[in-house]
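Welcome to this tour. Keep your viewer open and make each selection as we come to it.

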Amino acid sequence: MPDLLQYLNDCKFILVSNREPYEHFRGSRGIEVRQPAGGLVSALDPTMRRIHGTWVAWGSGSADRETSDDLGRVRVPPDEGSYTLRRVWLEESEVDAYYHGFANRSLWPLCHMLIHYFEYRTEFWDRYRAVNLRFAHAVADEAERSTGRCMAWIQDYHFALVPEFLRAMRPSLFIHQFWHIPFPPPDILRLLPSGSHEALLRGLLGNDLMEFQIDRHALNFLDCVTEFVSGADVDPGDQTIRFQDRVVQVASFPISVDYEKYQELAQAPEAAKMAETLRARYAIGSRQLGVCVDRVDYTKGIPERLRALELLFTEHPDMHGQFTFLFVCTPSRTNLAAYTQLEQEVGETVQVINKRFGTAEWTPIVLIGENVDADLLAAVYRAADICLVSSLQDGMNLVAKEFVAAQVDERGVLLLSRFTGAAEEIDGALLINPFNVDGFVSAIRSALDMPAEERKRRMRRMRRRLQNNTIFDWLDAILGRCAESMAAVPPTPGIGAG
Ligand code: ADQ
């Protein structure tokens with residue numbers, strides 16, 4: 001892990017995300033605490049412990065209020081107390097309209113350009129604004145408590161309006177934001193009712209640095225600002241925007257995984273044994289094993305993947321009994337109808353395919369419909385001959401990178417949708433277009449027929465690249481860039497807290 005303290009110097013670091021790093025809840029043993037799974041929390045928690053920053057997030061746990069002070073503050077991790085978690089309280093109706101509503105039913109489909117899922121209600125937008133304002137107040141209050149300089153780092157599309165609100169409250173605070181999902185071009189963003197698309201962009205222009213996964217998303221953002229924000233002067237060459245006497249920098253920083261952790265997990269004796277068991281069951285001799293790992297989400301191209309597998313078994317009868325597919329997918333956003341319908345569709349389609357092609361000895365698709373532990377995940381990745389990532393749009397896609405990191409035997413082929421951020425970065429995968437079912441099927445066939453030497457060559461290339469581009473390099477690059485920008489603007493005497 002790089003020493004991020006070098007960048008922060010005496011600067012207080014305030015992180016803002018929708019999900020909190022520690023959630024207290026009432027369990028069978030009284031009040032318990034859990035850390036939600038996910039790459040971002042596991043990368044940022046150790047960083048926050050070292051730099052003793054403040055993490056501002058929605059207090060979603062059933063026992064969060066009892067364990068926090070009047071302002072919603074609590075020291076975490078529970079046994080160590082090395083940094084402050086500041087919880088922001090939301091009513092159920094606010095969670096419905098801000099989170100399930102505007103964030104997940106309006107912005108999520110719009111940013112992924114899947115406009116038939118796009119829904120908009122005035123209440124979604126009003127609550128999104130109100131919740132963003134409340135978060136901005138919490139961050140401003142945290143900045144106020146510091147005597148030195150401060151930096152606020154905002155995560156994702158839940159908080160597009162926070163930077164503008166915060167800028168008005170603390171003009172010299174250094175504010176930056178990482179947008180984890182794609183950013184749409186102007187023709188898509190304008191599906192938001194007039195006024196709200198401009199307001200969204202103005203909100204983001206409160207940042208000093210606006211960070212995207214890849215240049216394509218950054219360029220879409222610049223195009224949207226050019227088209228919709230009057231008074232903004234965009235320089236596409238420098239990727240800067242002059243707006244209201246300030247300069248907003250725009251840049252791309254592809255997120256990654258903790259490479260060593262996945263490699264170690266895959267190399268551990270338990271994972272090796274599990275991988276052997278999986279191969280003994282599904283890929284003995286010349287048989288092969290395919291895998292996928294997803295949240296059940298309509299952006300991930302799951303029906304398209306199942307259609308390709310069905311066509312593969314239809315057009316290539318020699319694959320019957322020779323190729324088994326392990327479909328690992330965890331239910332997600334289950335209070336939204338689009339997601340529960342998709343989950344049901346996945347279960348039904350798998351049944352149809354298995355009934356049509358399966359035999360007493362062979363089940364073509366083995367469905368594991370749950371969240372699996374990291375060590376089982378590493379074993380699944382290690383055991384696979386091919387891994388399918390078929391997103392219709394994806395900011396980056398960490399599954400692709402986890403697969404590469406866990407491929408310690410260098411046996412597997414990665415089939416990767418060209419519409420993922422990862423496809424712009426990783427060289428060595430077989431790129432697919434999930435909308436083109438025939439092309440998808442022939443890519444699966446080419447992967448299955450690929451000689452071991454070529455598999456190894458491709459996998460080595462990807463592993464070398466990823467080894468030097470981990471999630472810690474991502475953090476390093478972002479904070480390095482912030483330190484550079486902050487150094488260019490010396491602290492204003494008397495303003496102190498930013
Ligand atoms: P997501 O849309 O959630 O992330 P992704 O990047 O693939 O997509 O990350 C999913 C994570 O969930 C992976 O770490 C994966 O291992 C895990 N996961 C999925 N199914 C699982 C299962 N059944 N059991 C256990 N773990 C499972 C958003 C953006 C992405 C971007 C990330 C990070 O949509 O484009 O890459 O943020 O910026």
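Is Gly 61 buried or exposed? Select Gly 61 to begin, bearing in mind that the model is predicted. Gly 61 has 11% relative accessibility, so it counts as buried, given that buried means under 20% relative accessible area. You will find Gly 61 in the loop between β4 (54-58) and β5 (73-76). Show what surrounds Gly 61: leaving out residues up to four places away in sequence, Gly 61 touches Glu 20, Glu 23 and His 24.

**Across to Arg 26**

Now add Arg 26, which sits in strand β2 (residues 23-27). Draw a distance between the C-alpha atoms of Arg 26 and Gly 61: they are separated by 8.4 Å, while these positions lie 35 residues apart along the chain, counted as the step from one to the other. Next, look at the side chain of Arg 26, which is joined to the side chain of Glu 66 by a polar contact of 2.6 Å. Apart from neighbours within four places in sequence, Arg 26 is in contact with Ile 31, Ser 62, Ala 63 and Glu 66.

For a sense of span, draw one more line from Gly 61, this time to Asp 235. Their C-alpha atoms are 44 Å apart, and the two residues are 174 residues apart along the chain.

**The ligand**

Select the ligand and the residues around it: 23 residues surround it, and the closest are His 180, Asp 394, Met 396, Leu 398 and Glu 402. Colour this shell by class and you should see 11 nonpolar, 6 polar and 6 charged residues.

Which side chains offer polar atoms to an oxygen atom of the ligand? Asp 394 places a polar side-chain atom 2.6 Å from an oxygen atom of the ligand, and Glu 402 has a polar side-chain atom 2.5 Å from an oxygen atom of the ligand. Glu 370 takes part through its backbone, with a polar atom 3.0 Å from a nitrogen atom of the ligand. Taken alone, the ligand exposes 720 Å², and the protein buries 85% of that.

Switch to cartoon view to see which elements build the shell. β13 (288-295), β14 (323-330), α13 (374-383) and α14 (398-406) each supply at least two of its residues.

**Helix α13**

Stay with α13, which is mostly covered, with 7 of its 10 residues buried. Select Leu 377, Ala 378, Ala 379, Val 380, Tyr 381, Arg 382 and Ala 383 to show the buried ones. Their cover includes α9 (259-267), α10 (269-282), β13, β14 and α14.

**The nonpolar cores**

In soluble globular proteins, nonpolar side chains tend to be buried together. Here the largest nonpolar core has 103 residues, of which Trp 179, Phe 221, Ile 241, Phe 323, Leu 415 and Ile 444 touch the most other members. Zoom in on Leu 415: beyond four places in sequence, its contacts include Ile 386, Leu 388, Val 389, Ile 432 and Ile 444. Another core, of 74 residues, lies apart from the largest one, and among its members are Tyr 83, Tyr 259, Ala 383 and Met 486.

**Last stop: Ser 196**

Finish with Ser 196 in helix α7 (residues 196-204). With 4% relative accessibility, Ser 196 counts as buried. Its side chain reaches the backbone oxygen of Pro 193 at 2.7 Å. Not counting residues up to four places away in sequence, Ser 196 touches Tyr 120 and Trp 125.

Key:
Residues are numbered from 1 along each chain as its sequence is written. This is a predicted model: local features need pLDDT of at least 70, side-chain atom pairs count only at pLDDT 80 or more; totals for chains, interfaces and linings use all residues. Side-chain values use heavy atoms; hydrogens and water are left out. A residue is near a molecule or strand if one of its heavy atoms lies within 4 Å of it. A polar contact is a pair of N or O atoms within 3.5 Å; within protein, one must be able to donate a hydrogen and the other to accept it, and residues adjacent in sequence count only if both atoms are side-chain atoms. Accessible areas come from the Shrake-Rupley method with a 1.4 Å probe; for residues, only the protein chains shown count as cover. Helices (H or I, at least four residues) and strands (E, at least two) are DSSP runs, numbered from the N terminus. Ala, Val, Leu, Ile, Met, Phe, Trp, Tyr, Cys and Pro count as nonpolar, Asp, Glu, Lys and Arg as charged, and the others, Gly among them, as polar. A nonpolar core is a set of buried Ala, Val, Leu, Ile, Met, Phe, Trp, Tyr and Cys residues joined through side-chain atoms within 4.5 Å. Buried means under 20% relative accessible area, exposed over 50%, partly exposed in between (1.4 Å probe, protein chains only). Contact means heavy atoms within 4.5 Å.
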